[in-house]
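Grab your viewer and work through a few short exercises. Try each task before you read its solution.

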Amino acid sequence: AALDSEEAGRVVTILERLVTETGDNVFYDEEAAEEWFQIDDETSGLIPAAGFTRKTWKAAFDQTMTGFIASIPQAEMEQMMEELRDRIGEVAKMTPEQKEEAMSLMRSEMGQLEAIRARGVEYQHFVSPYASRLKKIALR
């Protein structure tokens, strides 16, 4: 089932509660939905209480997070990457080879991020009302 605004809201509310309980940040990769499902399973049981199964949670989480990533303005994404590049540059203990490897990895991550943004475009509209809440738990 495709994401709607109400479902995105439930995902965000659950993640806010889990972040408060665990102190973790929300991130997105292929395993993140399952990791949050397991954390919830060991703690509050918020996910099944909100009507999600493991499978529907993964779909809703993935669509919410890709929609969120797609909703971040390009200029803001570039600024975050710039700050990351500066931080890599400031790490004095890295050899030039290590710095180059870190930059190469970052370029690869940017490519993946662009692919995630492209996948999330169709969900962006449903997630944008929750973007400021997601920023608080994902981008800190």
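Below are five exercises on this predicted model, each with a worked solution.

**Exercise 1. Work out which kinds of secondary structure the protein chain has, and in what order.**

Solution. Start with the count: the protein chain has eight helices and zero strands. Next, walk from the N terminus, and the elements read α-α-α-α-α-α-α-α. Finally, put a box around the C-alpha atoms along the principal axes, and you get roughly 50 × 30 × 25 Å.

**Exercise 2. Describe the burial, surface, contacts and charges of the protein chain as a whole.**

Solution. Begin with burial: 36% of the 140 residues count as buried. Then take the accessible surface, which comes to about 8,100 Å², with 54% of that belonging to carbon and sulfur atoms. For contacts, look at pairs at least 6 apart in sequence; 73% of these join residues at least 24 apart. Last, tally the charges: there are 16 positive and 27 negative side chains, and the centres of the two sets sit 3 Å apart.

**Exercise 3. Check whether the span of helix H4 fits its number of residues.**

Solution. H4 covers residues 54-71, which makes 18 residues. The rule is 1.5 Å times one less than the number of residues, so H4 should span 26 Å. Its end C-alpha atoms are 25 Å apart, which agrees with that expectation. While you're there, check its cover: 13 of the 18 residues of H4 are buried, so the helix is mostly covered.

**Exercise 4. Do the length check for helix H1, then look at its two ends and its cover.**

Solution. H1 (residues 5-22) also gets the ruler: its 18 residues reach 26 Å from first C-alpha to last, close to the 26 Å expected. At its start, a side-chain oxygen of Asp-4 comes to within 3.2 Å of the backbone nitrogen of Glu-6. Just after H1, Gly-23 has a positive phi of about 80°. Now for the buried residues of H1, among them Val-11, Ile-14, Leu-15 and Leu-18. Their cover includes helix H2 (32-42), helix H3 (46-49), H4, helix H7 (124-127) and helix H8 (131-138).

**Exercise 5. Decide whether Glu-7 is buried or exposed, and list what it touches.**

Solution. First, place the residue: Glu-7 belongs to helix H1. Its relative accessibility is 15%, and the cut-off for buried is under 20%, so Glu-7 counts as buried. Then skip residues up to four places away in sequence, and the contacts of Glu-7 are Ala-2, Phe-52 and Ala-60.

Key: Residues numbered from 1 in each chain as written. Predicted model: local features only at pLDDT ≥ 70, side-chain atom pairs only at ≥ 80, totals over all residues. Heavy atoms only, no water. Helix = DSSP H or I, 4+ residues; strand = E, 2+ residues; numbered from the N terminus. Buried < 20%, exposed > 50% of the residue type's maximum accessible area, 1.4 Å probe, protein only. Contact = heavy atoms within 4.5 Å. Areas by Shrake-Rupley, 256 points an atom, 1.4 Å probe, with all protein chains shown as cover. Lys, Arg positive; Asp, Glu negative; His and termini not counted. Charge placed at Lys NZ, Arg CZ, Asp CG, Glu CD. Polar contact = N/O pair within 3.5 Å; in protein donor to acceptor, adjacent residues only side chain to side chain.
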